[in-house]
Each structure stands twice: as structure tokens, then as C-alpha cells.
Amino acid sequence: MPVLTLTKDNFTQEAVNSDKTVLIDFWAPWCGPCRMVSPIVDEIADEAEATVKVGKVNVDEQPELAAQFGVMSIPTLVVMKDGKVVTSSVGTKSKESILSMVQ
């Protein structure tokens with residue numbers, strides 16, 4: 001499944017009401033560490049599509065969502081299950097670390 005672009009308009013439908021675990025990547029185009037994490041997040045979207053929905057939030061375009069989740073530094077990864085945040089992390093992570101967050 002391709003990575004979803006999450007916005008304030010589709011967030012409730014795609015993330016909160018999802019029947020799958022949702023991995024959300026808060027990022028910005030100018031963020032170097034975000035560019036390191038992004039391909040890993042894309043790989044996870046392809047490999048774990050049966051169990052995980054992956055979305056990205058551009059914090060420059062969606063400041064309301066970033067504020068709602070208290071995002072102060074990027075990249076921030078948030079995992080939601082059943083509409084609730086179960087874990088989050090800030091900074092670059094290995095693929096193994098991200099996968100362990102969503103399992």
C-alpha cells in the first residue's frame with residue numbers, strides 16, 4: 001500500500017478510524033534526518049501493508065496536526081492503534097526499531 005499523505009481533512013478517517021495499526025511520520029522537506037527516515041518508512045509501508053497503515057504529515061503544511069500531537073522536533077514517529085497513540089519517538093531510527101514500534 002502506498003504511503004498516505006495525512007491532512008487535517010482525512011486524518012480521522014485514515015488514522016483514527018483505521019482498523020490497522022497506523023504509523024505516522026511527521027516530517028518536513030528541509031529536514032535532513034527526515035530524509036534519512038523517509039525511505040525506511042516507505043519500505044515498511046510496502047512490506048507490512050497487511051497489518052500496518054503508513055501515513056506522513058508534512059508539518060509545514062499541517063501545523064494543526066503537528067500541534068495536536070505535540071510535535072516539537074522532527075522526524076517524529078507516532079504509532080496509533082484503535083484511534084489512540086500507543087508509542088512515539090523523535091529522531092532517526094533503524095528499520096528494526098521502527099518495526100518493533102508497530103508490532
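Here are legends for a few close-up views of this structure, which is a predicted model.

**View 1. The disulfide between Cys-31 and Cys-34.** Searching the whole structure turns up 1 disulfide. It ties Cys-31 to Cys-34, with 2.3 Å from S to S. Look along the S-S bond and you get 80 degrees, a right-handed link. In general terms, a link like this is a covalent bond between the sulfur atoms of two cysteines.

**View 2. How hidden the two cysteines are: Cys-31 and Cys-34.** Cys-31 has 4% relative accessibility, so it counts as buried. Cys-34 comes out at 2%, so it is buried too, because anything under 20% goes in that class.

**View 3. Phe-11 meets Phe-69 edge-to-face.** The structure has 2 aromatic pairs, and one of them is Phe-11 with Phe-69, set 5.4 Å centre to centre with 70 degrees between the planes. These two come from distant parts of the chain, 58 residues apart: Phe-11 belongs to helix α1 (residues 11-16), while Phe-69 sits in the loop between α3 (63-68) and β4 (76-81). Both Phe-11 and Phe-69 are buried.

**View 4. Phe-26 and Phe-69, a tilted pair.** Here the ring centres of Phe-26 and Phe-69 are 5.5 Å apart and the planes make 50 degrees, so this pair is tilted. Phe-26 lies in strand β2 (residues 21-27), 43 residues away from Phe-69 in its loop between α3 and β4. With 0% relative accessibility, Phe-26 counts as buried.

**View 5. Three rings together: Phe-11, Phe-26 and Phe-69.** Step back a little, and these three phenylalanines make up one aromatic cluster.

Notes. Residues are numbered from 1 along each chain as its sequence is written. This is a predicted model: local features need pLDDT of at least 70, side-chain atom pairs count only at pLDDT 80 or more; totals for chains, interfaces and linings use all residues. Side-chain values use heavy atoms; hydrogens and water are left out. A disulfide is a pair of cysteine sulfur atoms within 2.5 Å. Buried means under 20% relative accessible area, exposed over 50%, partly exposed in between (1.4 Å probe, protein chains only). Rings of Phe, Tyr and Trp (its six-membered ring) pair if their centres lie within 6.5 Å; planes under 30 degrees apart count as stacked, over 60 as edge-to-face and the rest as tilted. Helices (H or I, at least four residues) and strands (E, at least two) are DSSP runs, numbered from the N terminus.
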